[in-house]
Each structure stands twice: as structure tokens, then as C-alpha cells.
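Grab a coffee and work through these exercises with the structure open. Each one sets a task and then walks you through a solution.

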Amino acid sequence: MGLRGSTIHVHGPNRDVELVERVLHELIDALQFRDLSAVEMARAARTLRAHPQMRLRALLDDVVLTTSSRRIVSPKGVTQQSYIQAIRSHDIVFGIGPAGTGKTYLAMAMAIRALQERQVKRIILTRPAVEAGERLGFLPGDLAEKINPYLRPLYDALHDMMEPGRIAALIERGTIEVAPLAFMRGRTLNDSFVVLDEAQNTTREQMKMFLTRLGFDSKTVITGDVTQIDLAGGAHSGLRHVEKVLSKIKGIEFIYFTHADVVRHPLVQQIVQAYDVHESDSSDDDI
């Protein structure tokens, strides 16, 4: 490929030339709609290569949320778009895959959108405090100090989407609740958008407890990575178990992400892929 003035010359096999031509046309069309960074354009090109018939504008037009900093949240790939569509059409959705694929971030963006459009009355964000064994009473400090380290990633995502003052006001009113999974026991969550993060670190009993909290006019999204289980004492992951138990129930959708869906720094995708290859190679078991 070469560039002379405003003309791009592409040389190679016909199939490759046709693909490059399609990618360039799609990018030009997309740039008329929205500015794209170099990283976004590279990601779009990879997506189009994997899905030659996809329309890039179909992704960019599917706006989930416009953040307080005016950044547009939209799907960055086919799997993310399927995930968003599943959340719109199902009351319980599982997003399973490696870190950096946007599972939790998109779920939270969808929750905020649902709250803004008054589809729900509150947002509940939760994750298991697995490192503390959920025995928070044995940790030093008051309640906020005990749970903050485990919930920090959820607060970080919130602050990326909304103004701090707005978040504080919604949390004070109880419209947004960020709490450890142990705090869900015994409750019925009506008119709520509930996100359970790091679900691979739930036990079977915790997963059942959480799923049976769902009330009327509510939606639940469960995210996790079954390759990153931190449960101690040989406990079985509730996320692994629930795949077998609920996979055939109508109204529940499972969306699976792979290393190809990683949308963080380009090196993250290569790191995830390298670990996948290493862990699948039985000859490396002793390393």
C-alpha cells in the first residue's frame, strides 16, 4: 500500500485488495459521522477483516450512552453489539470472557441509560468480596472502608460515565447502590437494573441466592471470566455451574467474549491470547 497526495495505491491479491478497499470505504463513511482515533480506526479495521459483511456505521450508530465528558459509548465489535442487544431483549444476561472486553462497562452504561429513560428506578452494582471471604466484619475500619477496595472498579466505571456530584447525590438517595454480594441476601430487587461483576468468584450457593433476588420490572446482567477464579478451599464457581443449569431457559442469554474482543490497550489482547495458548499447552503444566 502506498499514499501519494490524496490517492492510495493498493497492491496484492485481489481478495486482499477488495478487503482493503471495503475497509477504507467503511472508515470514510464512519468519519463523516464521528471522529475516530488512530486506535479506534485500527480496531475497526480488524473488526471488518473478521466480519467482511459488517457495516461499521451499524456499530457507531448504536449509541448506548453519552458520558458526562461527551464521550460516546457504543459497541466496538460484533460481540459487544450482540451483548447490548441481548441486554435490551432479555431480563437476565451473562457476559462471559476475558478482561478488557467491555463486559462490565457496557452493562453499567446500559444501566445508566435505563435509569435516565426511567425504565428502572434504581441501579444496583455488586461483586463478591472474595478476598475477604465475605466476612467483612473482621476487616478494620467502618463499613465503607471495609468494602471500598473490592468495589473500587465499579466506582471507577461510574465516574467515567457521570459527574462525581451527580453520582454522590444518586448514591445518597439510594438510586444507585454499590454493595458486596453478601448484602443481596434476603432482598427482592424490584424496578432495578442489577449488575453482578466478577461472578466467577461466586459459589454455587451465592449465584443461586443472587439470581433469585430478581423482582418485577427488573433486569440483571452477570459478568465474569471463568479463567480467573479466585475461590479458596476448592469451592466450585457459581458461574461455571450456572452455565450448565440455566443454558436452556428461555429469557436468559449467554454471550461469550474471546481475546479478539479485547478493547483495551492493543497489548492486552496479545497478553490474553498468549495466556490462552500457554494454558492450553499441556507441556507447560510444570512451569
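**Exercise 1. Describe the largest pocket of this predicted model: its volume, its lining and the elements that contribute to the lining.**

Step 1. Start with the volume: the largest pocket comes to about 900 Å³.

Step 2. Next, look at what lines the largest pocket. You'll find 38 residues there, and those nearest the centre are Gly100, Thr101, Gly102, Tyr105 and Val263.

Step 3. Now trace the lining back to elements. Two or more residues each come from α2 (38–50), α3 (56–60), β4 (72–73), α5 (103–116) and α6 (143–161).

Step 4. Finally, sort the lining by class: 15 residues are nonpolar, 10 are polar and 13 are charged.

**Exercise 2. Work out how α1 and α2 are arranged, and which residues meet.**

Step 1. Get the geometry. Helix α1 covers residues 14–31, and its axis comes within 10 Å of the α2 axis, crossing at roughly 130°.

Step 2. Name the arrangement. Angles from 115 to 145 degrees fall in the oblique range, so α1 is oblique to α2.

Step 3. Add the handedness: α1 and α2 cross in a right-handed way.

Step 4. List the partners. From α1 come Leu19, Val23, Glu26, Leu27 and Leu31, and they meet Met41, Ala44, Ala45, Leu48 and Arg49 of α2.

Step 5. Sort them: this contact holds eight nonpolar and two charged residues, with no polar ones.

**Exercise 3. Do the same job for α4 and α5.**

Step 1. The axes of α4 (residues 78–89) and α5 lie 11 Å apart, at an angle of about 40°.

Step 2. That angle puts α4 and α5 oblique to each other, and their crossing is right-handed.

Step 3. On the α4 side you have Gln80, Tyr83, Ile84, Ile87 and Arg88, which meet Lys103, Leu106, Ala107 and Met110 in α5.

Step 4. The tally for the contact of α4 with α5 is six nonpolar, one polar and two charged residues.

**Exercise 4. Which residues make the contact between α8 and α9, and at what angle do these helices pack?**

Step 1. Helix α8 spans residues 204–211 and helix α9 spans 238–246; they pack at about 60°, with 8 Å between their axes.

Step 2. So α8 and α9 are oblique to each other, and the crossing is right-handed.

Step 3. Arg204, Met207 and Leu211 of α8 make the contact with Gly238, Leu239, His241, Val242 and Leu246 of α9.

Step 4. By class, the contact of α8 with α9 has five nonpolar residues, two polar and one charged.

Notes. Residues are numbered from 1 along each chain as its sequence is written. This is a predicted model: local features need pLDDT of at least 70, side-chain atom pairs count only at pLDDT 80 or more; totals for chains, interfaces and linings use all residues. Side-chain values use heavy atoms; hydrogens and water are left out. On a 1 Å grid over the protein atoms alone, a cavity is a set of points where a 1.4 Å probe fits but cannot get out, and a pocket is an open set with protein on both sides within 12 Å along at least five of seven lines; lining residues have an atom within 4 Å of a point. Grid points are joined across faces, edges and corners, and a volume is the space filled by probe spheres set on the points. Helices (H or I, at least four residues) and strands (E, at least two) are DSSP runs, numbered from the N terminus. Ala, Val, Leu, Ile, Met, Phe, Trp, Tyr, Cys and Pro count as nonpolar, Asp, Glu, Lys and Arg as charged, and the others, Gly among them, as polar. Axes are lines fitted to C-alpha atoms, for helices over the stretch in contact, and angles run from 0 to 180 degrees between N-to-C directions. Angles under 35 degrees count as roughly parallel, over 145 as roughly antiparallel, 65 to 115 as roughly perpendicular and the rest as oblique. A crossing is left-handed if the near helix is turned anticlockwise from the far one by less than a right angle, and right-handed if clockwise. Contact means heavy atoms within 4.5 Å.
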